[in-house]
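Colleague: I have a few questions about this chain. Can you put it up and walk me through it?

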Amino acid sequence: MNTTQSSASRSAWFTEARFGMFIHWGLYAIPGQGEWYRSHEKVSVEAYEPYFREFNPRSCDIRAWAKAAREAGMRYMVFTAKHHDGFCLYDSKLTDYKSTNTQGGRDFVREYLEAARAEGLRAGLYYSLLDWHHPDYPKYGDKFHPMRGNEAFKNEKIDFNRYLEYMHGQVEELVSGYGKLDVLWFDFSYDDMSGETWRAQDLVRMVRRYQSDVVIDNRLHAGGHSLESENPDETAGDFASPEQSLPEQGIVNNKGKPVPWELCTTMNNSWAYQPTDRRFKSAPLLIHKLVECVSKGGNLLLNVGPDANSRFPAESTKVLGEIGSWMELNGESIYGCGPADLRRPDWGRYTRKGSVVYAHLFEEPIGPIPLSGIAPEQVKSVRLLRDGSEVKDAGTALGARNKKDTKFVTLAISPNDTWPLPDTCDTVLKIELTE
Ligand code: GLC
């Protein structure tokens, strides 16, 4: 049984961690047109084969990925063990289509897991339920397969059960042969390719035999509704996985109870390496979005698509570095934090942990800073999180005098002044409440 309670206890580290790194990496880094390249361009298995023969990330240093994640303030990682193209980044005994059969013969899943653990990070694996390489995966009538609508496959006989055995077997290899996994990120279900079509119950039971605590996403079901019910079944997953769009008000089940969730998003507009996609989100934007996720009870899983040599795009490295500098001083307002149950203030957002509320000032207010929704008598102390310095009361300021139900503070010398924020992106005030 997937009692909500056992799900909550295995997810405790996950909701505490709040910030993780997604890595999309595979053969598709060579054509450099995204991990959907085969589907979009209807590329056959044969036409994709040269990339398999060519794949040889000589300078591959996976430890550098984990180090960059840790330095950015991330607490966990998720890596594509197999994407929709079916290429396995590990030594699966069930296929020859794997990284150990390419030049260099390396098991990247093993290297990645060792690297993440060595950097003190929780480590998860992404595994694609779709497989555009396996002969028994539906083709002609499928919605996404590269050979969809191709007459040559119209009357082809496939044995989908054979695919399911393969898929379950591969997942079993991952959960039984690589030590403790923290996240299992199945991707994805659509139309009838959902739930019991994947033999989801057997799959999850098998996974739990080896990894009782692994946190599983909600994509064994199509549509993202599996966690809506009050007592979701064991295949529903432990967290919701909205993609490329931040939920307006967090995610709750149909009884209004918050459900753990994680927004996954790209840093530019592609999951996998795309040399032409240079539109990267800025560090300030991503910090604001991380804070927004936390203020709504969610996590942020931020993606990097390394190039064919396994290097991060230079822009990603730069942005991660900037986020890391902010996290070093302000991470306390992210880890283990959640919604403050206060109206969203005009200058930014609140996050909260117990009796401590963090005010994230995205922009400076004119004059004194109203700690909206918080009365003066509720406040024990206000400090600048980055250096622990005292933030002065501004109750005597002109704009504050008539608003006795709100605590006002200032970073300026005179409480009437408007003052530049020490951190123009997000200056965090730590407010200790009296309860
Ligand atoms: C999607 C895409 C995929 C990507 C994933 C990340 O479902 O199919 O390419 O890996 O989302 O969330």
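Modeller: What follows is a talk through the overall build, two of the strand groups and a few backbone details.

Colleague: What kind of model is it?

Modeller: It is a predicted model.

Colleague: How many helices and strands are in the chain?

Modeller: The chain has 10 helices and 14 strands.

Colleague: And what radius of gyration does the chain have, next to that of a compact globule?

Modeller: The chain has 24 Å, and a compact globule with 435 residues would have a value near 22 Å, so the two agree. Along the principal axes, the C-alpha atoms fill a box of roughly 80 × 45 × 40 Å.

Colleague: What share of the residues count as buried?

Modeller: 57% of the 435 residues are in the buried class. The area that the chain exposes is about 18300 Å², with 48% of it supplied by carbon and sulfur atoms.

Colleague: What about contacts along the sequence?

Modeller: Take the contacts between residues at least 6 apart in sequence: 69% of these join residues at least 24 apart.

Colleague: Charges next. How far apart are the mean positions of the positive and negative ones?

Modeller: They are 2 Å apart, for 52 positive and 61 negative charges.

Colleague: On to the strands. Is strand S2 mostly covered or mostly exposed?

Modeller: Mostly covered. S2 spans residues 76–82, and seven of its seven residues are buried.

Colleague: Which strands does S2 pair with?

Modeller: S2 pairs with S1 in the parallel sense over four bridges. S2 is also joined to strand S3, residues 122–128, by six bridges, again running parallel.

Colleague: Which residues can I use to find those pairings?

Modeller: For S1 with S2, look at Ile23, whose bridge partner in S2 is Phe79. For S2 with S3, look at Thr80, whose bridge partner in S3 is Tyr126.

Colleague: Now further down the chain. What is the strand order in the open sheet that holds S13?

Modeller: The order is S10-S13-S12, three strands with antiparallel pairing. Strand S10 (369–371) and strand S12 (392–393) each have a single partner strand and stand at the edges, so one side of each has no neighbour in the sheet.

Colleague: How many bridges join S12 to S13?

Modeller: Two bridges, with S12 and strand S13 (residues 407–410) running antiparallel. In that pairing Asp393 stands opposite Val409 of S13.

Colleague: Different topic: backbone oddities. What would the usual case be?

Modeller: Most peptide bonds are trans, and most residues other than glycine have a negative phi.

Colleague: Then where is the cis bond that ends at Phe188?

Modeller: That peptide bond runs from Asp187 to Phe188, with omega near -10 degrees. Phe188 sits in the loop that links strand S4 (183–187) to helix H8 (200–210).

Colleague: What is phi at Arg18?

Modeller: Phi of Arg18 is near 65 degrees, so a positive value in a residue that is not glycine. Arg18 belongs to the loop between helix H2 (12–17) and strand S1 (19–23).

Colleague: Buried or exposed, that Arg18?

Modeller: Buried: the relative accessible area of Arg18 is 5%, and the cut-off for buried is under 20%.

Colleague: And Lys42, where does that one lie?

Modeller: Lys42 is in the loop between helix H3 (37–40) and helix H4 (45–54). Its phi is also positive, about 50 degrees, although Lys42 is not a glycine.

Colleague: How does Lys42 count for accessibility?

Modeller: Lys42 counts as partly exposed, because its relative accessibility is 45%, which falls between the 20% and 50% cut-offs.

How values were computed:
Residues are numbered from 1 along each chain as its sequence is written. This is a predicted model: local features need pLDDT of at least 70, side-chain atom pairs count only at pLDDT 80 or more; totals for chains, interfaces and linings use all residues. Side-chain values use heavy atoms; hydrogens and water are left out. Two strands pair if DSSP finds at least two bridges between them. The radius of gyration is taken over C-alpha atoms; the globule rule is 2.2 Å times the number of residues to the power 0.38. Buried means under 20% relative accessible area, exposed over 50%, partly exposed in between (1.4 Å probe, protein chains only). Contact means heavy atoms within 4.5 Å. Accessible areas come from the Shrake-Rupley method with a 1.4 Å probe; for residues, only the protein chains shown count as cover. Lys and Arg count as positive and Asp and Glu as negative; His and the chain ends are not counted. The place of a charge is taken as NZ of Lys, CZ of Arg, CG of Asp or CD of Glu.
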